[in-house]
Amino acid sequence: MAADQEQFYQILTTLLSTDNNIRTQAEDAYSNLPVETKVSHLLGAIHNGNLGDEARQMSAVLLRRVFSNDFMDFYPKLPPESQAQLKEQVLLAVQQVQTEQLRHKVCEVVAEVARNLIDDDGNNQWPEFLQFLFHCANDANPVLKEAALQMFTSVPGVFGTQQNNYLDLIKQMLLQSLAPTEAYEVRFQAVRAVGAFILINDKETQILKHYADLLAPMLHVIAESVQQQDDDTLLKVLIDLAENTPKYLRPQLLPIYDMCMKIFSDAGALDSWRQLALEVMVTLAEMAPAMVRKNASKYMEQLIPLILQFMADLEEEDGWAESDELLDEDNDCNNVVAEAALDRLACGLGGKVILPLVTQSIPAMLASPDWKQRHAALMALSAIGEGCHKQMEVMLPQVMDGVPGVMDGVLRYLQDPHPRVRYAACNAVGQMSTDFAPVFEKKFHDRVVPGLLMLLDDNANPRVQAHAGAALVNFAEDCPKHILSTYLDALMGKLEGILTAKFKELVEKGTKLVLEQVVTTIASVADTAENEFIAYYDRLMPCLKYIIQNANKEELKLLRGKAIECVTLIGMAVGSKKFSADATEVMDMLLKTHGEGAELPDDDPQTSYLISAWSRICKVLGKSFEQYLPLVMGPVIRTAAMKPDVALLDNDDMQGVEGDDDWQFVSLGEQKNFGIRTAGLEDKAAACSMLVCYARELKEGFANYAEETVKLMVPMLKFYFHDGVRNAAAESLPWLLECATCKGPAFVGDMWRFICPELLKAIDTEPESEVLMVMLDALARCIQKLGPSYIDQESMTEILRIIDKLMKEHFERANDRHKKHMDEDYDEEVQEQLEDEESDDIYVLSKIADVVHAMFIVYRENFLPFFDQICSHFVNLLTPNRNWADRQWGICIFDDVIEFTGPACAKYQGYFLQPLAVYIKDKSCEVRQATAYGWGVLAQFGGEQFAGEVAKILPALVELISDPESKDPRNINATENAISAVTKIMKYNNSQINLNEIIPLWFSWLPVIEDADEAPHVYGYLCDLIEQNNQHILAEAFFRETVEPGKPEGFRMLNIVRQVQSGESFFQSLVQAMPTELQQALHVALHTPPST
C-alpha cells in the first residue's frame, strides 16, 4: 500500500511538470486509476505534511473534481464505516492544513461532499457537517471562521428542507462575522456568504426581509475592500445582487450609489474598479428602473457627464482610418464600456430622465477642438436612440440639423476634418435610420443621402468610406420605396463606380474592406427598390458573378459570401422573369462550393450566405428549384443538424475561458457554470428557416424530404439555446404535413403521431412568449390542415389541458400587473412597461383563440363537449372589468361557437347574448367589430330561434353605422361589420323586421370597400335586390378589390352588369358617368375568367 502511495505521489509530482510530454504521460496514468484509489491517495496526499504545498493543492483540486463528477458512482458502494471515515478525514483536513491557499481548496472539497449528500428531496444526509460549520463559525480562531464562511458560500443550500429551522442561526452567524471586531478576512468572506445565501433565496420575500439588516454592515466591508484595492470580488457580489435581487438593496440604495459614484469619479483609480462601480449603478437602473428613478435619479445628473467623458477616453491610433481590417474593439476599453452603459441606462430609465442630461453636455462636446470629445458626443447620440425613442423623435430636427447659436447638427459632422469623427457621424446616421424608421428617412433623406454619397468618395480613409456604405444599408432597409426611387440613379451611379474601382484595387493591392461593404450596400438598395432595380441589373450582374466565380482564396470567402447575398437579393428584387436565366448559372456556381461532397468548416463565413441564397433562388424559381434539392439538401440538413459544443465548468475552470467571445456562460449557482459555443448557431437557425422555405414554396415537390426534415425539426422544438431554431421548427410542421398529403393518409397519420406529442410538450414548457405564439400558430394550422380524423382522444385531452393552463396563466399575469400598479415605485414608465407586457399577453391570447377557432372549423358542433371543459375561461374574458382585448377575444370565441355550431349555440346564449348587446356600444372599435360580426353570424347561422334578438339589436347597429365618425379609419372595420350584420339579418333572419323600411337606409350605407371578408355578403345581397341595378356601387367594389371578379359573388355581380350592358346606350351612359378608375376596374372585371 505504501509503495502504491509513493507511486501515486510520483504521478502527482509529474502532473506539475512543465514538460508537456511528461505531464501527458502522468495524466494518462492518473486517469487509468480506479475512482476509489484516486480518492484514497488524494486524501492521503492532502494530509501528508511532507509533500510540497503545490502537490497538496493539486490533490485538493483533483479530489474536488472526482467528487463533482463521480461521487454517486463510488460513495454509495462504500461500507458505512468507510463513508464515515471519508467525511471525518475531509473535515479534519480543514482544521489541520496550515497554508491559506491549501485551506481554501480543502474547503471546496468539503463543500462538494456536502452538496452531494443532499438527497433529491432536499434532505441533508450529513448533519455532522452542519454542526462543524457552526462550530468553526463560533471558534475564536479567525482562520476557522473564514473556512466556515467559505464552505457555506460554496454550498449555501446545504440546510436543504430544514433551512427555515436554521434561519435565525444562519443570520446570527453571518451578522457576527460582519462585525467590525472580526478580522478583515472573516468579514470579506462573510460578504461573499451573505451574497450566495441571498441569491439562492432570491424569490423568498420573507427571507430577504428577515436578512435586510445584514446589508449595511456588508456595504461597510465592500467599501473597505475598495480602499484595500487588492481584490474586487465583493464589488462583483454587489453586481450579482443588483442583477438578481435589486429590491433587497433598496434600503441602502443611496449609500450604494454614493460609494460607486465616488469610485467611478476617481480618475486616479484603476479602470477595472471604475468599470465595476459603473456596472453596479447601471445594473440597478436596468433591473429596478422605477426604484432608481424614484430614489436615486439625482445621481444621474453627475453620472451621465462622467460617462460621456469616459466615452472620450480613446487612443490615438496611427493608420486607424486607412486600415483594411475591421478589428473588433476591446470590450474592456473605457469608451466601449461607457457607450454600452449609456445605452443600457437609456433603455432602463427612459428618455425623460436620460435625454435632457445627455443633451445638456452634447453642444459643448460637439464644439470642442478635441476630436475625441466630438466623437464621444456623436457616439452618445447613436447609443441613446432606442431607450429615448419617444422623447428623442420629436427632437430629431435639432439633433440632425442643429440649433442656431447652440450646436451644429449631426449632418455637419459628416464633413468633420477628423476621419474618426466622420466615422462616428456615419454611425449616428446609420443607428438613427434604424431607431427612428421610417420617420427619419422621410424627414432627412434630402440631406442624408447626399452626405453619405459624399463620404463614399473618401478614398484616403477606407474605414470611413466603408462605414458610410454601412449607414446607407440601414437607411435603405427602412426607407419607403417611393423616396429611395428618387435617388436610385445617383446612388447606383456612385456604387457602380466604387464597385469597379475597388474591384481593380483588390486585384492590384489585395484591399477588400470597402468592396465587401459596397456589395452589401447594393444588395440593400436592390431589396428596397424591387422591380425598379431592373435598370441596373445588366451592368452589375457580370461583375458580381465574376466575384462569385473567382473569389476562392481563404481571405476572400467573406467577399464571395456577400456577393452571393447581393446577386440573390437582386434576383428577388427584379423577379423571376429577369433573373431566371442567371439563377441557373449562379446556382451551379454555388453548388461548386460544396463540390464533391466537401463540407465547409463550422466557421466558414460563406455558409450562412449560401443557405440563405438557396432559399431566395427557390422563391424565384419556384417549382423549377426541385431539380436542385438533391444537391442542396445535404449541406442544409447538415447545418440545421449542427450540435453546439456545451460544457459544464466549475469556477476554477472558468478562469481560463471567461474572455472567449465564441462561448457564452450562465452561472447555475453553487460553483457550476453552463457554457455553450455560440459559433454556428446563427447558421443553424438560418438553415432551419430555409427548410421551412423549401416546404412552403415547393409543397408536394418537397414530399420526399418531408420525413427526414420532420425527424430533424421535431426534437428542435426544445432547442433552448436559440429562439430562431425553435421558431423555425414549429413553423415548418404545418407545411411538412401539407407536403406529405400526396403520400396518402397513412403517411400523414404517422407523421402527425410523431409531431403531436412533442409539439404539445414544447408548448407546455416554452419559456419565451414570442416563441410560444409561433408554436400555438403552428398547432392551429396543423389542426386545420389535418381535418377531423387525425386528432385522437389523448391528444384532444392534452390540447384542452394546455389551453386551460395558458388561460389560467393569462389571468394570473393580469393580476400581477394590477399588483404592480400598487408597488411603492410605480410611475409612468412602469405603466408603459406593463402595457408592453399586456401587449405580449394579448398576442398569446389571440393565438390561443386561433387554436380554438381551428377546432371549431374542423369539428364544428362535435367540439362542443370538449369546449365545455374550457368554456368558463372565455366567459371570464367577457366580464366588464376585463381590458378591451380580453373582451374582444372573448367575443371572437363565442362568434366561432355561433358560426360553426349553428342552432346548437343556443345552449350558450346565457353567456353571449348580453355581452353582444352591451359591447356593440363599446369604446373600443376592435370590440365593436367583433360584436357586430357576432350579430351577423347569429342571424346567418343561429336560426329562427334568434329572430327576436337580431331584430332587437337593429337600432344599435344602425346607430353604430350612422355615427358621424363611423367612416374614420379606426372605425371603418367595425362599421362595415355592422353593415354586413344588418345585411345578414335582412337576408337570413328577417321574420321580425320590416325590410321595406330598412332597405333604403341600407342602400345609403354603401359602398362597403374596406373589409374584404364582409364585402361579398353585402354585394351578394345587393345582387338579390337586382331591381335596383346600382352599377356605380358594383364598379366601386371591383375597383377597391373588395370583391374578386372570379369568385361567386363577383360572377353574380358581373351577370347583373351584363344584363344592363345588353341595353348598350343606357349602359354607356352609366359607365361614362363614372370616374376613370372605376371604368377601368369594371372593364378588367368584365374580362376576368371565372375561377374554377
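Let me begin with one pair of neighbours, R447 and D446, whose side chains meet in a salt bridge with an N to O distance of 2.7 Å. Please keep in mind throughout that what we have here is a predicted model, and that every value I mention has been computed from it. As for how open this pair is to the outside, R447 counts as partly exposed, because its relative accessibility is 30%, and D446 is also partly exposed, with a relative accessible area of 42%.

Before I go on to other pairs, some background on the protein as a whole. There are 1092 residues, and buried residues make up 54% of them. The secondary structure comes to 53 helices and five strands, and the C-alpha atoms fill a box of roughly 120 × 75 × 65 Å when this is taken along the principal axes. If we look at contacts between residues at least 6 apart in sequence, 71% of these join residues at least 24 apart. The accessible surface amounts to about 47800 Å², and carbon and sulfur atoms account for 50% of that area.

Now to charge, where I would start with the overall balance: the protein has 93 positive and 161 negative charges, and the mean positions of these two sets are 3 Å apart. How many salt bridges does a search of the whole structure find? The search finds 52 of them, and the pair I opened with, R447 and D446, is joined in this way.

Another salt bridge brings together the side chains of R696 and E697, this time at 3.5 Å from N to O. R696 is partly exposed, since its relative accessibility is 23%, while E697, with a relative accessible area of 29%, is partly exposed as well.

A further example is E707 with K711, where the closest N and O atoms are 3.1 Å apart. Why are these two separated by about one helical turn? They lie four residues apart in helix α35, which covers residues 703-713, and therefore about one turn of the helix separates E707 from K711. On accessibility, E707 counts as partly exposed at 38%, and K711 likewise counts as partly exposed at 49%.

Salt bridges can also be linked to one another, and here D764, E798, R801, K805 and E809 form such a network.

Turning to acidic residues at the surface, there is a negative patch formed by D271, D313, E315, E316, E317, D318, E322 and D370. Taking E315 as one member of that patch, we find E315 in the loop between α16, residues 289-311, and α17, residues 334-349. Is E315 buried or exposed? With a relative accessibility of 56%, E315 counts as exposed.

I would like to finish with a residue in quite another setting, namely V692, which is found in helix α34, residues 681-698. V692 is buried, because its relative accessible area is 2%, and the cut-off for buried is under 20%. Which residues does V692 touch, leaving aside those up to four places away in sequence? The contacts are with M713, A728, E731, S732 and W735. Finally, V692 and S846 are 154 residues apart along the chain, and their C-alpha atoms are separated by 23 Å.

Technical notes
Residues numbered from 1 in each chain as written. Predicted model: local features only at pLDDT ≥ 70, side-chain atom pairs only at ≥ 80, totals over all residues. Heavy atoms only, no water. Patch = residues over 30% accessible without salt bridge, like charges linked within 9 Å, V, L, I, M, F, W, Y side chains within 5 Å. Areas by Shrake-Rupley, 256 points an atom, 1.4 Å probe, with all protein chains shown as cover. Salt bridge = Lys/Arg side-chain N within 4 Å of Asp/Glu carboxyl O. Lys, Arg positive; Asp, Glu negative; His and termini not counted. Charge placed at Lys NZ, Arg CZ, Asp CG, Glu CD. Buried < 20%, exposed > 50% of the residue type's maximum accessible area, 1.4 Å probe, protein only. Contact = heavy atoms within 4.5 Å.
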